[in-house]
Amino acid sequence: MSRDIRVALYYAPASDDPLFRLSSVWLGRDPESNAPCSQPDIPGIAQVTAEPAGYGFHATLKPPMRLRPGVSLDDVREATANIAAAIPAFDLPRLAVTDLRGFLALCETSPSPELQAMSDVCVAGLDHLREPPDEAELAKRRRYGLPPAQDANLLRWGYPHVFATWFFHMTLTRRLNPEEKAIFEPAAADYFAGAVVLPRRVADICLFTQPAPGVPFTIAERIPLRG
């Protein structure tokens, strides 16, 4: 297996969930088929969604990681299946378009201990398969400065936002300037209004893969939770 491949565990809406179709159109890419989608007719949308489109619409559970030498994708599948088998399916809280330090995302409207616990076990349960970040990756994560707790997470777990510093979010745009925010925040709220009010279950963990740097992440497999 190529040393360039990265894998990640994400939550993504089910393929028959209206949110899956709407998010694919919003970002301009279907993360299962990798097919392009025609985006809404909003000037500048391709520019502000280009970065999140590369990752696919998702909420991070285990951040993207390279694999240790000798570790295969089957090893990742097996470890993820073991995790998923111990987690009962649960309801996702209602979502809302939210401004997160300048970028837009769909976030929970109420805390979910189940989501936090699932993220925690995914981070810890796959860590033995992870290649530690190199100096270039560490420098990239630190380029805007990290609080001590996040820097400690980066060194121990390869990512700053895990455990107590993790938060559920499904990214919709890059960081926006005030003029862009005035356009895209109401547009996104209106666009997703019908989907975010629907009830939905968290019923699987999505294994995403990126074959090489700069190539989009796609869903390699949906691994079901327990019941």
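Strand 2 is the top contributor to the lining of the largest pocket, giving six residues. Keep in mind that this is a predicted model. The pocket itself holds about 1500 Å³ of space. Its lining runs to 44 residues, and those closest to the centre are Glu51, Tyr55, Arg141, Arg143 and Tyr159. Besides strand 2 (59-66), the elements that give two or more residues to this lining are strand 1 (6-11), helix 2, helix 5 (135-141) and helix 6 (148-157).

Then there's the enclosed space. The count comes to one cavity of 30 Å³ or more, with a volume of about 70 Å³. Lining that cavity you'll find Ala59, Thr60, Tyr159, His161, Trp166, Phe167, Phe168 and His169. Tyr159 turns up here and also among the residues closest to the centre of the largest pocket.

Here is how the two linings break down by residue class:

| Lining | Nonpolar | Polar | Charged |
|---|---|---|---|
| Largest pocket | 19 residues | eleven residues | 14 residues |
| Largest cavity | five residues | three residues | no residues |

So what does the cavity lining lack? Charged residues: there are none in it, while the pocket lining has 14 of them.

Moving on to helix 7, this element covers residues 178-191, 14 residues in total. From first C-alpha to last, helix 7 reaches 20 Å, close to the 20 Å expected at 1.5 Å a residue. At its N-terminal end sits a cap: a side-chain oxygen of asparagine 177 lies 3.1 Å from the backbone nitrogen of glutamate 179. Which residues of helix 7 are buried? They are Glu180, Phe184 and Ala188. Their cover includes two helices, helix 1 (18-27) and helix 2 (45-55), plus strand 4 (95-100) and strand 5 (103-108). Helix 2, then, helps cover helix 7 and also lends residues to the pocket lining.

Last stop: valine 123, which belongs to helix 4 (residues 113-125). Why does valine 123 count as buried? Because its relative accessibility is 1%, and the cut-off for buried is under 20%. Leaving aside residues up to four places away in sequence, valine 123 touches Leu61, Lys62, Pro63, Trp157, Val162 and Phe163. Valine 123 can also be placed relative to leucine 225: they are 102 residues apart in sequence, with a C-alpha to C-alpha distance of 16 Å in space.

Notes:
Residues numbered from 1 in each chain as written. Predicted model: local features only at pLDDT ≥ 70, side-chain atom pairs only at ≥ 80, totals over all residues. Heavy atoms only, no water. 1 Å grid on protein atoms, 1.4 Å probe; cavity = no way out; pocket = protein on both sides within 12 Å on 5 of 7 lines; lining within 4 Å. Points joined across faces, edges and corners; volume = space filled by probe spheres on them. Nonpolar A, V, L, I, M, F, W, Y, C, P; charged D, E, K, R; others polar. Helix = DSSP H or I, 4+ residues; strand = E, 2+ residues; numbered from the N terminus. Expected span 1.5 Å × (residues − 1). Buried < 20%, exposed > 50% of the residue type's maximum accessible area, 1.4 Å probe, protein only. Contact = heavy atoms within 4.5 Å. Polar contact = N/O pair within 3.5 Å; in protein donor to acceptor, adjacent residues only side chain to side chain.
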